[in-house]
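Morning, everyone. I have one structure to go through today, so please bring it up on your screens.

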Amino acid sequence: MHISRRTALSLGAATALAATAVPEVNAASPAARSPRRGAAAEALRRLLPRHYGQVTFRTVPPKDGADVFRVSGTTGDIVVEGTTAAVQLTGFHHYLRQSTHTHISWNGEQTELPSRLPAPSEPLVRSANVPHRFAFNDTNDGYTGPYHDWDYWEHELDVLALHGYNEVLVYLGADSVYHRVFQEFGYSDTEMREWIAGPAHQPWWLLQNMSGFGGPVSGQLLDQRASLARRIVRRLRELGMTPVLPGYFGTVPPGFADRNPGAHTIPQGDWVGFARPDWLDPRDARFARVAEAFYRVQRELYGDSTMYKIDLLHEGGRPGDVPIGEATKAVEKALRTAHPDAIWNILGWQNNPHPELIAAADTTKMLIVDGLSDRFPNVTDREKDWAGTPYAFGTIWNFGGHTTMGANTPDWERLYDAWRTKQGSALKGIALMPESADNNPAAFALFSDLPWSEGPISLTTWFAQWSVHRYGGPDRHAATAWDILRRTAYGTTREDSWSEGQDGLFGARPDLAVASAAAWSPQHLRYDAEEFARALPELLAVAPELRRSSAYRYDLLDVTRQTVSNRSRQLLPRIRHAYEAGDRTEFAALTAQWFGWMALLEETVATDSRHLLGRWIAGARGWGRGTEEKDRLAYDATSLLTVWGPRAAADGGGLRDYANREWAGLISGLYTLRWRTYFDELAAALSEGREPRSIDWYALEDGWLHDHPEYPTRPTGDIVKTARKVAAAPA
């Protein structure tokens, strides 16, 4: 079965309206769509089936080249004008937030509306301050959900449109392109299906980091994924949004030169324990032929786009004897031959894009999506760094899909507008790039508001409004809770060179000195945990009439979960002290507390369907035909969250638990198994007066992956009752 997603929505808070006028359009004119038909109306029918008939959507031209919307009308008859269907939905969402205190997002919704939609007090008018509003990290398909179905994607695209995005990265379906292309260059169907990684690991295969793991993929799986990808790109085009498709930069299967004599390929070494695919020299005549086939097959499957994602020499790629500038020109020539006016989209990450690439490319047709805008304090002048190349201000507020709350919102407040409006600015967009989407709804809403605001956003004002829109009305306890969250989890900055919050230690591979579960995550709490915990009783005190929405339940779960998660960092040092002091009684008491908190954490997240490991596994198995394929796909999906890859990658490469997350099933399953195994060994060592024996963690983890019980696919429990237990528990 495919697991559907029709629940989780969440909303952004309102900001002051711009005074810019949008031209009035007669509904009968060619510029206007039929009032209650078209992509925006159909989206609203899905989202608000009892109210969509009260809204008329009209298309208007851009104003001075910028996307615009205007919302006006009378009670029960709302008129939304906008440059595209997606922009019209953005305008309607701003109206919902400001006029009705309702919203829709990817984590919970609040949509209690009067029977007749109220008239806005005055026309709501906005003009986008940047042309590019880009969504999704290259890793999104892996960490967010490689086995989602159309029901999920249809809703996700609606939510992105409501939040103002107009460019969406679509990696899904690229496997079919490669599968077909290289059969024209000497490879068999079987060889290609063995080379292509499993769906959960495909983002890194497409980035030329690895291949094969999680596979082989079946022909029917390729066909299903291609069919879903076609629906996604079709819907994006209907909404007036751009599907950003992968471009070709030279990745080839093993033995390409053997099958194509004379071809010049450059070995790429390894990437954290994986062998990287070879790189075909873009100057080689065969590169042009492969690229032509790639863009031809891609067009046949998914049509054309105006933006292509191409990350040359990503994360340690080796140019060998190939000059980067010459390679750049050849890659760009292949793109321009197929799509003359397309924009080359490239990630700003680590040392990319390389200065030689910038010097060689036509940067007027390039957009760098900056993954480090809110990460490092020494990022101050992207115009200088990238020679004036247009770029998008980006954020990566989580890595691996960690369930951690928080984001560096003070950096957004301080930097975005200043960088955008400075003389000679090349800032032309925003880039929403958490490695996994569908989390941190406040961060999602706030970041999405940046391109639709005049001047800097005030965090104090924004968060005060957020609690009103999030729950449906003003409440002093809700306001207090979100002010605490603003100053703690959402009050961190890039001064410590991190853009995500700390992960919890319950999900770490056990060690008394462990400081993070993932190797590349903060080693310490980035805010005051006790101050953060004060938000929980405030949320529990919100008025009953404002606690009915899925938005409230999601936030209560998230704050409860984070409160418990933070306890791990406070308790583990005490356990270590008891062990090193040889205090067996205290060690036993404290480790019992540890498992008590883990049980409460499991109970917390078990109340929400999207925090269930069982749901993740069932979604993967639903794409398979036959037990063997179902088991392989389940391993592909679950290994990503745990060992990530083979032993060389998990241990030597440090990838184990990179995608740790506090989900029901993971906590009571693998995480509890690991900590109980570890603490039992430490207790035995104390009792017997010896050093603890080493534990082969990879063997234990891989054994669990291949032999674990079935986990629930439906939520259980009551988050309010569990949250009260957590709030009442002594620290």
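I will talk about aromatic pairs, then the nonpolar core, then cavities.

Before that, a reminder that this is a predicted model.

Start with the rings. Searching the whole structure gives 58 aromatic pairs. Take Trp594 and Phe679 as an example. Their ring centres are 6.0 Å apart and their planes stand at 85 degrees, over the 60 that edge-to-face requires, so that is how the pair is classed. Trp594 belongs to helix H21, residues 584-605, and Phe679 to helix H25, residues 667-688. The two are 85 residues apart, so to speak of distant parts of the chain being linked is fair.

Are these two residues buried or exposed? Trp594 has a relative accessible area of 0%, and Phe679 has 2%. The cut-off for buried is under 20%, so both residues count as buried.

Ring pairs also join up into a cluster elsewhere. Its members include Tyr178, Phe182, Tyr187, Trp195, Tyr248, Phe287 and Tyr308.

Two arginines sit over ring faces. Arg676 lies over Phe595, at 3.9 Å from the ring centre. Arg661 lies over Trp616, at 5.5 Å from the ring centre. Keep that second pair in mind for the cavity.

Now the core. In soluble globular proteins, nonpolar side chains tend to be buried together. Here the largest nonpolar core has 236 residues. Which residues have the most contacts inside it? They are Phe92, Phe182, Tyr248, Tyr490, Trp594 and Phe679. Trp594 and Phe679 are the edge-to-face pair from before, while Phe182 and Tyr248 are in the ring cluster. By element, helix H20, residues 550-580, gives the largest share of the core, with 10 residues.

For Tyr490, leaving out residues up to four places away in sequence, the contacts include Met405, Pro410, Asn440, Phe463, Trp482 and Leu485.

Last, the cavities. The search of the whole structure returns 11 of 30 Å³ or more. The largest has a volume of about 450 Å³. Its lining comprises 33 residues, and the closest to its centre are Thr144, Arg610, Trp616, Arg661 and Trp663. Trp616 and Arg661 are the ring and the charge I asked you to remember.

Which helix supplies the largest share of that lining? H22, with four residues. H22 covers 613-621, and both H22 and H20 supply at least two lining residues each. H20 is also the helix with the largest share of the core.

That is the end of my part.

Notes: Residues numbered from 1 in each chain as written. Predicted model: local features only at pLDDT ≥ 70, side-chain atom pairs only at ≥ 80, totals over all residues. Heavy atoms only, no water. Phe/Tyr/Trp six-rings, centres within 6.5 Å; stacked < 30°, edge-to-face > 60°. Buried < 20%, exposed > 50% of the residue type's maximum accessible area, 1.4 Å probe, protein only. Lys NZ or Arg CZ within 6 Å of the ring centre and 35° of its normal. Core = buried A, V, L, I, M, F, W, Y, C linked by side-chain atoms within 4.5 Å. Contact = heavy atoms within 4.5 Å. 1 Å grid on protein atoms, 1.4 Å probe; cavity = no way out; pocket = protein on both sides within 12 Å on 5 of 7 lines; lining within 4 Å. Points joined across faces, edges and corners; volume = space filled by probe spheres on them.
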